[in-house]
Amino acid sequence: MRGVDDLAVSGRRVLIRCDLNVPLAAAEGAAPTIVDDGRIRASVPTIRAVLDRGGRAVVMSHLGRPKGQVTAKYSLAPVALRLAELLGESVSFATDVVGESARSCVDSLDDGGVALLENLRFEAGEEQGDAAFAESLAALGDLYVGDGFGALHRAHASVSGVPALLEHAAGYLVHAELDVLRRLSTEPQRPYVVVLGGSKVSDKLAVITNLLGVVDRLIIGGGMCFTFLAAEGKAVGDSLLEADQLDAVRQMRRLADDRGVEIVLPTDVVVAQQVDTSAESRVVAADDIPDGWKGLDIGPDSVRRFAAGLADARTVFWNGPMGVFELAPFASGTLGVAQAVAAVEGLTVVGGGDSAAAVRQLGLAEQFSHISTGGGASLEYLEGKTLPGVAALEKD
Ligand code: 3PG
Ligand code: MG
């Protein structure tokens with residue numbers, strides 16, 4: 001896979017596909033603000049390199065899931081402002097994707113100038129991988145750099161269509177992320193422990209099944225643990241439960257037993273009747289959640305057990321929060337796991353928007369080997385799938 005340093009960018013228009021899909025918060029009537037700018041920061045080095053060599057950077061990204069509709073709350077306008085601050089350059093923001101505004105922004109670029117196109121997913125052709133839309137994008141550049149790691153698992157026009165039309169290379173972020181994933185997949189130092197959280201088992205079964213061939217221990221928290229607990233016949237009250245996944249979970253546990261992979265589940269959970277900061281909450285045994293109550297975090301005993309399961313690890317991959325960590329009463333589990341992973345000596349990787357944001361908010365980022373900018377992309381890689389964006393960048 002060629003790198004951005006291999007491209008002769010000077011004086012040329014370089015389309016750079018980034019993943020600037022950052023969480024936004026909008027108070028009623030106020031302009032949206034960026035909650036976590038990690039993905040914008042991570043995109044800066046490649047853009048900087050293109051500018052420093054006299055290239056004209058045409059940056060493009062999606063934000064959220066506007067499904068082909070121009071939707072004000074998904075505008076990249078706040079991202080353009082933040083990108084300009086982080087680059088220390090003015091960023092010319094196009095108010096459309098491949099229309100009049102985009103063409104004029106790109107045409108007015110000088111060497112070393114930056115433009116940002118409006119949200120790619122305002123055009124239906126993006127997610128459809130539409131060939132004509134890919135050509136319209138390609139017409140805005142002479143070269144293509146793929147640096148949107150978090151979107152490499154999407155066969156979208158800007159991810160896999162445009163690199164087929166232009167001379168292309170991977171950016172620094174994509175290189176760095178793929179390096180780490182290769183280290184996780186090839187002869188990781190042992191014990192190799194994976195911590196999974198987040199709400200849905202159905203999203204994670206494929207990756208779990210593939211990981212069972214590689215890991216020594218699997219620690220499971222977050223909303224998805226209740227389907228595991230229920231599969232053991234435990235009462236989970238009103239907790240999140242994917243009843244249609246119970247058989248799949250039982251089958252997966254048999255496979256884990258065959259492979260000698262230890263599965264660690266919570267022993268206690270923090271429960272409440274509503275997902276609300278002011279709701280009464282208590283700690284109950286994981287097999288004794290009362291009706292009408294739902295598990296919203298792992299409890300203190302679980303945190304101790306999870307930490308013990310991490311203490312001897314030499315390689316850790318963590319994806320997904322342990323509870324509803326955005327709300328203070330349900331944040332301790334995620335905090336405890338973050339601290340336990342941070343204390344591990346070896347390769348520690350956290351991936352996924354929520355868990356990465358949690359690690360940054362807790363001020364623990366420096367203590368991790370790598371904070372991935374892509375949850376879904378990392379998981380699909382670890383599932384053993386070929387990511388469409390990687391395949392496109394690898395082709396000549
Ligand atoms: C993400 O946040 O997962 C990436 O930016 C990809 O977005 P998507 O899941 O909406 O395709
Ligand atoms: Mg996603």
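Begin the tour by selecting Tyr144 together with His168, since the bridge partner of Tyr144 in strand E8 is His168. The model is a predicted one, in which local features need pLDDT of at least 70, side-chain atom pairs count only at pLDDT 80 or more, and totals for chains, interfaces and linings use all residues. Residues are numbered from 1 along each chain as its sequence is written, chains are lettered from A and ligands numbered from 1 in the order in which they are written, and side-chain values use heavy atoms, with hydrogens and water left out.

**The parallel sheet**

Extend the selection to strand E7 (residues 143–146) and to E8, which run parallel and are joined by four bridges; strands here are DSSP runs of at least two residues (E), helices are runs of at least four (H or I), and both are numbered from the N terminus. Colouring the whole sheet then shows six strands in the order E5-E6-E4-E1-E7-E8, an open arrangement with parallel pairing, where two strands pair if DSSP finds at least two bridges between them. Its edges are strand E5 (91–93) and strand E8 (167–170), each of which pairs on one side only. From one strand to the next the twist averages 25°, angles being taken from 0 to 180 degrees between N-to-C directions, with axes as lines fitted to C-alpha atoms, for helices over the stretch in contact.

Next, add helix H1 (residues 38–52), which packs on the sheet and touches strand E1 (13–17), strand E4 (56–60), strand E6 (114–116) and E7, contact meaning heavy atoms within 4.5 Å. The direction of H1 makes about 155° with that of E4. Helix H3 (residues 100–107) lies across E1, E4, E5 and E6, and runs at about 160° to E5.

**Helices H7 and H14**

Now select helix H7 (residues 172–185) and H14, which pack at an angle of about 35° with their axes 10 Å apart. The contact is made by Leu178, Leu181, Arg182, Leu184 and Ser185 of H7 with Ser378, Tyr381 and Leu382 of H14.

Stay with helix H14 (residues 375–382) and pick out Glu380. Is this residue buried or exposed? Glu380 counts as buried because its relative accessibility is 18%, the cut-offs being under 20% relative accessible area for buried, over 50% for exposed and partly exposed in between (1.4 Å probe, protein chains only). Leaving aside residues up to four places away in sequence, Glu380 touches His153, Lys385 and Leu387.

**Strands E13 and E16**

Move to strand E13 (residues 268–272), which runs antiparallel to E16 and is joined to it by four bridges. Val269 stands opposite Ile298 in E16. Strand E16 (residues 294–298) has four of its five residues buried, so it is largely enclosed by the rest of the structure.

**Helices H11 and H12**

Then show helix H11 (residues 300–311) and helix H12 (residues 332–342), whose axes are 9 Å apart and which pack at an angle of about 20°. That angle makes H11 roughly parallel to H12, a term for angles under 35 degrees. Display the side of H11 with Val303, Phe306, Ala307 and Leu310, which meet Ser332, Gly333, Gly336, Val337, Ala340 and Val341 in H12.

**Last stop: Leu362**

Finish at Leu362, in the loop between helix H13 (353–361) and strand E19 (370–371). At 37% relative accessibility, Leu362 counts as partly exposed, and it touches Leu335 and Ala338, not counting residues up to four places away in sequence. For a distance check, Leu362 and Leu173 are 23 Å apart in space, C-alpha to C-alpha, and 189 residues apart in sequence.

Conventions:
Parallel < 35°, antiparallel > 145°, perpendicular 65-115°, else oblique.
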